[in-house]
Amino acid sequence: MKKENNSGLAYSGFEPAKSTVSFLRTLTVFLIICLIAVTVMIALINRLIKQHDKELTAEICSLVSEKVNNSIDHLTGSVENLSSVLSAQNASDLQQLYDELKRTKSEKFISLGLVDCDNNIYATDTEIEEFEKWHLLEISKFADPVSISSPYRSGLNGQPVFTMFSKLTYSGGKSGRLFVTYPLSEIQSIAYTASLDNKVEIWLMNAASNNIIQCAGVNKYSLGSWASALIQMKEINEEDKPDYFSWKEKMNNGEDNASLVYHINKELYTQVFSSIKIMKGWYIVVRLPSSSLSDTMVKFRYTVMGFSGVLFLATVVLLIIYHRRETKEKLLLENLSILDPLTSVMNRRAFDISAEELLSKKSRNGAALIFLDIDYFKQVNDQYGHETGDKVLREFSAALNDLFSDIGIVSRYGGDEFVVLLDTASRDIINEKLEQLTVRTKAINIFDEDDPRTGSFRVSFSAGAAQYPRNARDLKGLMACSDDALYIVKQKGRNGYGWYTDSKDKDYSYEGIKAAEDAARAQKKNIGGKHSRSKKQSSKKKK
Amino acid sequence: MKKRMISFLCGAVMMFSSCAADRSAKNDTPEIAPAPDFYPITEIKEGRKNIYFILKILEGSSYWDVIINGAKASGDLYDCNIYLSGSNVETDWQGQQRLLDDAEKAGADAVVLAPDDSVKLSEKIAEVHERGTPVILIDTIANTEEYDVCYMTDNLIAGQYAAKEMIAQLTAMGKQPNEYLQVGIQVGATTSLTISERLAGFLQYWTDNAPSDWEVINDIKCNDGDVEKAKKCAAELMDGYPDLCGVFGPNNGSSVGFASTVRERGRTDIAVIGFDYCDDLAALIDDSSYTASSILQRQYYMSIYATESALKIINGESPKKKFVDTGVIVINPETINTPEAQEALKNS
């Protein structure tokens, strides 16, 4: 059992710990409410972010694909314009025209040259090798007015490129072709958007073969590399694959554009295609993860979370500080109302309430009540002064507390009278405690250097005890029985303790008193005055 | 109670955090054996040029063993000293970065590099090249123009060769253009650029040249580099598609899976086109009752050409092209005995 130093408050019902438990419960409820509120708030923010991103990414993808398409149109227009200028010269000798043309230098293109009506190629040897390797001559034949090759890796610079062809006329109406080879990075640089750097992915896709070539994307390693959409679509979550097939079907059917939303694991992507006018069967495909637009919103989310966290912590700290202060004040007030200010044991009012409470809960184990009285206390006050009397009361109370507070409640019932209600009816335990109390009481030293008489005084007590429910079934009865027992002890000469018995004449048990009788007599002598007055009357009055 | 409060607060913080973060990622970095110092693989003679080879994988790869053999042979062929080093895994680009510095410090006359990372190594490659050391790339190109020349297989073209061979073999088996048939494909990985390019080349050629009734099955299987899984994928295609007449494996493992399953089941009605000359594929090519072909890379010549170019660049010549496709050789019963095929097989 936990040792309680404050008059056995653990038994009293006046427990300060209860208010702390209550506070912690309140705090827990507060924390749960806060957590639920913040969780709901963040879930709402997340939902809003996703909705916002989904709507916006589709628009951005469409804009990017339009931008790429416009850039291809722009390049086509440039080649057509150059072709028109060359046609206007109506050159009779294409070699001469080529010699003039190859002096044209630009960082935009890699190579340019001419093809005459007999399919002779006017270009460098390496460029002619490229024609053979990539079957470019076949593509040039479709230049009406322009045609464009599939992207390929150029042997000239090792980079992915594509070649554009434009029809031209020379020597009085002969039909030839101008070719210009551009790096694929030209499309990449046109499509570049600073705010979406490394987030937007752009491919050129061939609908029939499902082949794709990356023009811009997250993985720079794969730029200009070929891949298959049949492989790529395997990453899409199973539940979204039907949407992908439907989107692909639209492409196969020759629709100009269509958009698609799908998940790869937990990431949501928006993907859009738009047809390339001069590359039949080819499409620009733009993909953007929804999360790419979330940066600003995510910062906002983290700001809200941070602010909520600080607010939450500040509230908890303030609540704890407030609770501590309140507990301290409450404890002070409780102590003032419960404890006797001189002895710090329970006062009579508090004892009555606690004792009733304790007895009402008792069932099998029983209880006991001891009525104690310091012998000849009035004389101590009269002879040695109130300070000495107060000291005796304090030390006696302390001894009671030390011995009984772990099994019961201790109270100063008035003057030099004390009451102890014990959570046991065991005479053995209680007698042992009373013996120890006898020893402790004898040891109380009231010696005062200024008053040599104090040296010979020995403090003692008398006590009467009664058992619940054996002797009485309520507090009032117990008090009466204990008082009776005390009376007998006093009759026998004090400095002892005794138990109440139903038959006073036959069975009255008086324990420990005989041994103390001699000492009591000696005490009387030392103190002198009227010390034989019985307290029975006063006790009975109280009852 | 205090403990309960602490655990509650911890739980609260965790709940708060998990709600805030959409997902978290965990990266485990495996330990990598560091790239060793350079060591000579030819006799070192005074007065000869020193060529430093930096490869992707030094040991345990038959593909890279052939490249090392080519490097050794090139030293003898062109009378130069060859030093070798490289990473132990293809992700250790930092190891290669250090080796580039080491080669320069050691006084390399030229460096031959198979870059582990085309992007991350670009800056270092450019640095070395700009300081005057010729840099020749093999196997993989870098994302910079600051190198002299690159020798590698153009995988798109290699894929086209495979498709061309498939059409030729199916025709040789007597399949008519108006006869409906299906061709199945399985790959070793969905993220490998090499495999993706071979597949793209195959599909491109097939779309442009195969009869419209000859269909590629859209359900492309992936075996994740596991031969047992490759056999399972092959079996699934054979069981699931009764009109299956041809199978294509764009990498070694996939080819093994197809070839071994076709042989095991005695499916002489299926043409097998694979990459690399594995034993199972070789057995099919040798057995006249089966129809099979292998596309062989010429990685041995990447080393030979690289050393040859390095010496020319050291002597002041400029390469005509920056990117040279070292090409592939198609091995089938008709070509297997040609001198070119025999030489390729000897060096594979």
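The questions and answers below concern the contact between chains A and B, the nonpolar cores and the fold of chain B in a predicted model.

Q: Which helix of chain B gives the most to the side that touches chain A?
A: The contact draws on 35 residues from chain B and 32 residues from chain A. On the side of chain B that touches chain A, at least two residues each come from α1 (2-20), α6 (193-209) and β13 (323-325). With eight residues, the element of chain B that gives the most to this side is α6(B).

Q: How many nonpolar residues does the side of chain B that touches chain A have?
A: Chain B brings 35 residues to the contact. Divided by class, its side that touches chain A has seven charged residues, seven polar residues and, as nonpolar ones, 21.

Q: Which helix of chain B gives the most to the largest nonpolar core?
A: The largest nonpolar core has 121 residues, and those with the most contacts inside it are M205(A) and V272(B). Leaving aside residues up to four places away in sequence, V272(B) touches V247(B), F258(B), A259(B), V262(B), L281(B), L284(B) and A292(B). The helix of chain B that gives the most to this core, with nine residues spanning no part outside 155-172, is α5.

Q: What percentage of the contacts in chain B between residues at least 6 apart in sequence join residues at least 24 apart?
A: The secondary structure of chain B comes to eleven helices and 14 strands, and buried residues make up 47% of its 348 residues. Among the contacts in chain B that link residues at least 6 apart in sequence, the share joining residues at least 24 apart is 73%.

Conventions: Residues numbered from 1 in each chain as written. Chains lettered and ligands numbered in written order. Predicted model: local features only at pLDDT ≥ 70, side-chain atom pairs only at ≥ 80, totals over all residues. Contact = placed C-beta atoms within 7 Å. Helix = DSSP H or I, 4+ residues; strand = E, 2+ residues; numbered from the N terminus. Nonpolar A, V, L, I, M, F, W, Y, C, P; charged D, E, K, R; others polar. Core = buried A, V, L, I, M, F, W, Y, C linked by C-beta atoms within 7 Å. Buried ≥ 20, exposed ≤ 12 C-beta atoms within 10 Å, placed from the backbone.
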